Protein chains: 2
Amino acid sequence: MPALHFWYDFASTYSYPAAMRIEEAAARQGIAVSWQPFLLGPIFEALGWNTSPFNLQPEKGRYMWRDLERICAAMDLPPMRKPNPFPQNSLKAARVALCLEDREPRKRFSQAVYHAQFAWLLPIDEDEVLAAILDCQGLRAEEILAKSAEPEVKQALRSQVAKARQLGIFGAPSFVTSDGEVFWGNDRLDDAVRWQARL
Amino acid sequence: MPALHFWYDFASTYSYPAAMRIEEAAARQGIAVSWQPFLLGPIFEALGWNTSPFNLQPEKGRYMWRDLERICAAMDLPPMRKPNPFPQNSLKAARVALCLEDREPRKRFSQAVYHAQFAWLLPIDEDEVLAAILDCQGLRAEEILAKSAEPEVKQALRSQVAKARQLGIFGAPSFVTSDGEVFWGNDRLDDAVRWQARL
């Protein structure tokens with residue numbers, strides 16, 4: 001069965017609620033999800049942005065934090081908190097995710113990273129934090145962290161970014177159906193699932 | 001009864017589907033809509049942008065036109081077309097809208113301007129086009145166009161932009177509930193209506 005591809009950056013705030021609800025939304029329609037970590041940084045850099053647009057546009061940033069408070073409350077998630085610094089560096093977490101099998105282990109790791117970051121304010125660029133998350137899931141943290149620093153994994157993440165660009169992705173979360181339709185944003189998740197369900 | 005405030009720019013693409021469906025969505029919850037035209041241009045200029053972000057970010061622009069094709073199809077609206085130039089200059093249309101009573105005459109004029117622009121590709125910055133739209137609605141076009149060029153109306157539009165900024169508005173469409181919650185984007189319209197309905 002073709003899967004709905006879920007493109008996410010660990011530093012992306014709206015990817016958090018999407019990561020927490022995509023499996024259930026997709027399962028209701030009998031659809032599988034493929035977890036596709038990537039980095040927005042290089043895509044933003046190409047636009048001349050050196051940080052998140054939510055920092056570059058303070059009004060949009062203020063709106064986003066309030067909006068995510070509302071969204072988390074409606075989803076019964078813990079209150080959304082702002083990491084310091086924001087955005088966090090998501091490079092290591094993305095490399096680790098690529099070392100894990102898509103989809104169950106990668107899904108569980110990814111959801112845990114979002115929780116650690118936005119509910120507990122843990123620094124997700126630190127090996128200790130990533131190791132603790134892997135440990136909690138019964139995964140071999142040391143081995144996986146070592147693997148995540150290998151050249152093949154670094155290259156795999158660069159390929160992910162290149163593929164995202166090729167698909168026309170410019171933000172996260174994005175959802176790509178098996179016929180190539182792109183849907184951008186947590187609030188378009190249900191549209192993407194419906195589109196995939198019709199294929 | 002407090003109304004849901006609908007902030008829109010005539011050049012804004014996502015404001016078009018919002019303008020076409022907001023009255024029905026609000027009426028289902030027994031809510032009135034107050035139509036608040038404003039200009040995004042000065043707000044974008046303050047960010048150093050000299051045109052629409054959909055032009056500044058070509059990938060985002062391509063996505064937006066495809067996304068609006070899907071949205072118009074789902075709403076049984078005529079196919080969305082791209083005006084040339086894009087964005088259109090929305091200054092005159094906004095001034096005319098401010099001369100019309102909120103909400104029925106302003107609503108009908110605003111919906112007609114969106115249709116003229118995005119379905120028929122008419123230049124909405126031309127007096128002839130605006131006059132034709134007013135005529136169609138049995139309004140005194142010549143009188144209204146003359147009034148729309150008066151200093152009080154120009155000042156009223158500047159005040160609208162200042163008020164939008166004060167509310168934290170940075171994009172269109174935006175919906176502001178009577179307790180000051182801001183919701184941004186056509187896909188957040190239903191959330192805004194639900195929020196207002198609880199007040």
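I take a residue as buried when its relative accessible area is under 20%. With that cut-off I examined strand 2 (residues 33-37) of chain B, and 5 of its 5 residues are buried, which leaves the strand mostly covered.

**Entry 1. Confidence.** I noted that this is a predicted model. Its scores are ipTM 0.91 and pTM 0.94. For chain A I read an average pLDDT of 96, with 100% of the residues scoring at least 70.

**Entry 2. Relation of the two chains.** I looked up the operation that superposes chain B on chain A, and found a rotation of 180° with 0.0 Å of shift along its axis, at an RMSD of 0.0 Å. The two copies are thus related as by a two-fold rotation axis. Which residue of chain B comes closest to the rotation axis? I found D187(B), whose C-alpha lies at 3.5 Å from the axis. I then turned to the interface: 100% of the interface residues of chain B are also interface residues in chain A, so the copies meet through the same surface.

**Entry 3. Helix 10 of chain B.** I listed the buried residues of this helix, which spans residues 189-197, and obtained L189(B), A192(B), V193(B), W195(B) and Q196(B). Their arc around the axis is only 160°, so they lie on the same side of helix 10 of chain B. Against what do the buried residues of helix 10 of chain B pack? In chain A, I recorded helix 4 (58-74) as a partner. In chain B, I recorded strand 1 (4-8), helix 1 (15-27), strand 3 (174-176) and strand 4 (182-184).

**Entry 4. Strand 2 of chain B.** Returning to this strand, I checked its faces separately. V33(B), W35(B) and P37(B) are buried on one side, and S34(B) and Q36(B) are buried on the other, so that both faces are covered. In a regular strand the side chains alternate between the two faces of the sheet. I found that strand 1 of chain B pairs with strand 2 of chain B in the parallel sense, over 5 bridges. Within this pairing, L4(B) stands opposite V33(B). With helix 1 of chain B, the two strands make a right-handed β-α-β unit.

**Entry 5. Strand 2 of chain A.** I repeated the search in chain A. Here 5 of the 5 residues of strand 2 (residues 33-37) are buried, so the strand is largely enclosed by the rest of the structure. On one side I found V33(A), W35(A) and P37(A), and on the other S34(A) and Q36(A). Strand 1 (residues 4-8) of chain A runs parallel to strand 2 of chain A and is joined to it by 5 bridges. I noted Y8(A) opposite P37(A). Strand 1, helix 1 (residues 15-27) and strand 2 of chain A form a right-handed β-α-β unit.

**Entry 6. Helix 5 in both chains.** In chain A, helix 5 (residues 91-99) is mostly covered, with 7 of its 9 residues buried. I listed these as A93(A), A94(A), R95(A), V96(A), A97(A), L98(A) and C99(A). They pack against strand 1, strand 2, helix 6 (104-118), helix 7 (127-136), helix 8 (141-148) and helix 9 (151-166) of chain A.

In chain B, I selected L98(B), which is found in helix 5 (residues 91-99). Which residues does L98(B) contact, leaving aside its neighbours within four places in sequence? I recorded P37(B), R106(B), V153(B), A156(B), L157(B) and Q160(B). I also looked up G180(B), 82 residues from L98(B) along the chain, and found their C-alpha atoms separated by 22 Å.

Key:
Residues numbered from 1 in each chain as written. Chains lettered and ligands numbered in written order. Predicted model: local features only at pLDDT ≥ 70, side-chain atom pairs only at ≥ 80, totals over all residues. Heavy atoms only, no water. Least-squares fit on C-alpha atoms with pLDDT ≥ 70 in both. Contact = heavy atoms within 4.5 Å. pLDDT = per-residue confidence, 0-100. Buried < 20%, exposed > 50% of the residue type's maximum accessible area, 1.4 Å probe, protein only. Helix = DSSP H or I, 4+ residues; strand = E, 2+ residues; numbered from the N terminus. Arc of directions from axis to C-beta. Pairing = 2+ DSSP bridges. Right-handed = clockwise from strand over helix to strand, strands pointing away.
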